[in-house]
Structures are given as C-alpha cells and as structure tokens.
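This report describes the fold of a single model, moving from the overall chain to the sheet, the nonpolar cores, the aromatic pairs and two backbone positions.

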Amino acid sequence: MRDVLGEETVSERRACQVLGQARSTQRRARQVPDDEEYLTRRIIAIASQYGRYGYRRVTGMLVNEGFLVNHKRVERIWRREGLKVPKRQPKRGRLWLNDGSCIRLRPEHRNHVWSYDFMMARTSNGRPLRLLNIIDEYTRECLAIRVARNLTSEDVLEELHQLFVWRGAPEHLRSDNGSEFTAHKVRDWLKRVDVKTAFIEPGSPWENGYCESFNSKLRDELLNPELFDTLLEARVLVERWRRYYNELRPHSALGYRPPAPAAWMIGDQQLGFSLWGPTGEMTEGRAEALPYPYGHLPGAQVAPLQSPILRPSSRECSTSGE
C-alpha cells in the first residue's frame with residue numbers, strides 16, 4: 001500500500017493496521033541459510049535426473065547424501081523453483097470376500113512371500129522383449145529380472161532354482177494365472193521344494209499389488225525413456241537399473257531407504273563394502289565371496305554349493321550344460 005500511495009502519504013503504522021499485519025513483518029529481514037543455494041542446485045539436479053520423483057523421495061535421497069533437511073524445506077524450494085509435484089494416487093480399499101475375511105496374503109518377514117510377473121517391451125527394430133521380474137514383497141528387493149526374446153515355463157524353473165540356491169526358498173510364491181506359472185512342471189517342482197503357490201483371481205492384477213507397483217516403476221523410469229537397440233543392451237541396462245533400485249533408490253514404504261543397500265550378509269559375515277565398482281562391474285576379488293549364481297561369473301573360482309533344494313529334473317528343465 002505504501003509502495004502504491006507513497007511513503008509520505010501513508011505511514012507504516014496505518015498500512016499495517018489496514019492490512020491486519022504486524023509491523024514486525026515489515027522490518028524483519030528474511031534469514032537465508034548458507035547452504036540454500038547449494039541445496040537448491042542439488043534439488044534441481046536430482047529432479048532433472050529423476051523426472052518422476054516427488055519432493056518426498058528427493059528428501060530421502062538428500063538425507064542419504066548427508067544433508068540435514070526435512071521435507072518441508074525441500075517442498076518450499078521445490079514449489080519456489082516451479083518443479084512439478086506428481087499427483088496423489090487415489091486410496092484403494094482392501095480385498096474382502098462375502099464373509100468379511102481378507103483374502104490378501106501379507107508378507108511378514110524376509111522370504112515369506114515372493115511374487116513374480118512378466119512385462120513386455122520392444123527393441124528399436126520392433127522385435128519383442130519379455131521380462132520376468134521376481135521380488136521379495138517384505139523387503140521390496142528385486143531378486144532378479146530375466147530378459148529374453150521369449151520366456152517359457154522352463155526359463156521360470158531355471159531362474160527360480162538359481163534364486164532358491166542363492167537366497168533360500170520362500171514360503172509362498174504369488175503370481176497371476178499365466179500359462180508359464182500354472183504349468184504342471186512348475187507347480188509340481190514347487191510342491192517338491194515345499195513352496196506354496198498363491199494364484200490371484202483371474203482379471204484381478206491388483207491382488208498382486210507389490211509386483212504391479214514394481215512393474216510400473218520399472219516401466220516409468222527405464223522402459224519408457226530408454227530405446228534398446230539389441231537384446232544385450234537391454235539386459236545390461238535392466239541389470240544396472242535393478243542394482244540401482246536395490247542399493248541406492250529410496251523406497252517410500254521403507255522410510256525412503258533402499259531395499260538392499262550395498263552391505264551384504266553372507267551367513268554370519270557382513271560385507272560392508274560395495275560389491276560393484278564405479279563402472280558398474282563387479283570389482284576383482286569380490287566374486288569369490290558371493291554365493292551362486294555370482295560365483296559362476298567369468299574368472300570366479302567357487303566350489304558348487306551343496307544345497308538341499310531339489311534341482312528340476314531334465315524332463316522339467318532342459319538347460320544348457322546339464
């Protein structure tokens with residue numbers, strides 16, 4: 001008001017009285033923290049690199065980097081810089097039967113419930129790609145992503161066997177009713193290793209919500225923006241993203257911590273170093289410390305593990321080298 005009418009026409013006391021403001025608001029200078037400019041640049045850099053992240057996930061990444069900042073300050077800078085905040089997803093109710101019982105099997109501990117599902121993609125020449133995603137619903141860790149032109153029930157068996165030897169068998173395995181998951185050879189083998197199947201209702205993908213949520217993140221952050229020229233390129237980029245998802249990417253359901261940080265537990269021994277070098281390749285001498293299947297990388301000399309897990313018979317899974 002004083003700027004419009006002039007300081008000589010209206011006093012500060014009169015202007016504050018008309019507007020209903022305290023006079024101290026016109027005198028107190030705004031205190032800008034010393035790290036405000038650096039923090040702003042870092043927020044913009046993260047938002048530019050991960051365009052689908054909101055300010056809460058960006059806050060988690062900043063805290064993991066060592067910043068002493070809360071989500072309110074990040075949100076204030078986020079809105080001031082005009083960054084887009086993703087829309088909130090609508091709340092979804094639980095799944096109930098007519099008798100009032102909840103049918104959703106909720107994970108209670110590690111290796112309690114795994115889920116797996118297929119995704120489709122294409123290379124630049126239009127040829128199809130198929131991805132098999134396997135996750136641990138409790139830890140949210142992506143255990144494996146198998147990429148191939150075509151995947152069958154035999155490929156599912158081979159991937160499950162490697163994970164069972166490496167991580168141990170889960171108690172339940174959740175999936176849809178695809179032919180690769182409901183095949184007799186898959187169900188019979190899972191029964192032999194004492195793993196219970198949890199098939200969702202046909203046409204109800206929300207019952208496999210953990211895996212569907214992971215699929216949406218994979219498509220939104222990798223498959224949609226990336227253009228794959230070859231199958232090998234797709235495998236390399238997908239595996240690199242899987243490591244980033246497990247070791248670095250903040251997960252909102254885990255307090256904005258990654259599902260599996262780069263500190264591994266093997267038996268009673270903790271490996272507190274990063275397993276992967278700065279170029280994304282396994283550093284020399286560390287493959288020997290990892291169990292199967294990493295021990296079969298070129299140059300790694302690891303004795304085969306003696307596991308009680310039953311290996312699929314030759315009739316169930318015909319793989320190379322068997």
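A residue is called buried here when its relative accessible area is under 20%, exposed when it is over 50%, and partly exposed in between, with a 1.4 Å probe and protein chains only. By that criterion, buried residues make up 41% of the 322 residues in the protein chain. The model is predicted, so that local features need pLDDT of at least 70 and side-chain atom pairs count only at pLDDT 80 or more, whereas totals for chains, interfaces and linings use all residues. Residues are numbered from 1 along each chain as its sequence is written, and side-chain values use heavy atoms, with hydrogens and water left out.

**Overall chain**

The protein chain contains ten helices and seven strands, where helices (H or I, at least four residues) and strands (E, at least two) are DSSP runs numbered from the N terminus. Its exposed surface is about 19,700 Å², of which carbon and sulfur atoms supply 49%; accessible areas come from the Shrake-Rupley method with a 1.4 Å probe, and for residues only the protein chains shown count as cover. Taking a contact to mean heavy atoms within 4.5 Å, 55% of the contacts between residues at least 6 apart in sequence join residues at least 24 apart.

**The sheet and the helices across it**

Five strands form an open sheet in the order β3-β2-β1-β4-β5, with mixed pairing; two strands are taken to pair if DSSP finds at least two bridges between them. The edge strands, each pairing on one side only, are β3 and β5 (196-199). Neighbouring strands of this sheet are turned by 20° against each other on average, direction ignored, the axes being lines fitted to C-alpha atoms (for helices over the stretch in contact) and the angles running from 0 to 180 degrees between N-to-C directions.

Strands β2 and β3 run antiparallel and are joined by six bridges; within this pairing, L132 has R146 in β3 as its bridge partner. Seven of the seven residues of β3 are buried, so this strand is largely enclosed by the rest of the structure. Helix α6 (residues 153-167) lies across β1, β2, β3 and β4 (172-175), running at about 150° to β3, while α10 lies across β2 and β3 and runs at about 170° to β3.

**Nonpolar cores**

A nonpolar core is a set of buried Ala, Val, Leu, Ile, Met, Phe, Trp, Tyr and Cys residues joined through side-chain atoms within 4.5 Å. The largest such core has 36 residues, and those with the most contacts inside it are L62, L131 and L218. Elements that each supply at least two residues of this core include α3 (36-49), β1 (113-122), β2 (128-136), β3 (142-148), α9 (209-223) and α10 (231-247). The most is given by α10, with seven residues. Not counting residues up to four places away in sequence, L131 touches a set of residues that includes F118, I145, V147, L218 and V238. Apart from this core lies another, of 23 residues, among them V156, L157, F164 and W166.

**Aromatic pairs**

The structure holds ten aromatic pairs; rings of Phe, Tyr and Trp (its six-membered ring) pair if their centres lie within 6.5 Å, and planes under 30 degrees apart count as stacked, over 60 as edge-to-face and the rest as tilted. Two of these pairs share W241 and are set out below.

| Pair | Centre distance | Plane angle | Class |
|---|---|---|---|
| F214 and W241 | 5.7 Å | 55° | tilted |
| W241 and Y245 | 5.3 Å | 25° | stacked |

The pair of F214 in helix α9 and W241 in helix α10 links distant parts of the chain, 27 residues apart. F214 is buried, with a relative accessible area of 2%, and W241 is buried at 7%. W241 and Y245, by contrast, both lie in helix α10, four residues apart, about one turn of the helix, and Y245 is buried as well as W241. Ring pairs also link Y50, Y53 and Y244 into a cluster.

**Positive phi values**

Most residues other than glycine have a negative phi. Two loop residues depart from this pattern. R140, in the five-residue connection of the β2 and β3 hairpin, takes a positive phi near 65°. D194, although not a glycine, has a positive phi of about 65°; D194 is found in the loop between α8 (184-192) and β5 and, at 59% relative accessibility, counts as exposed.
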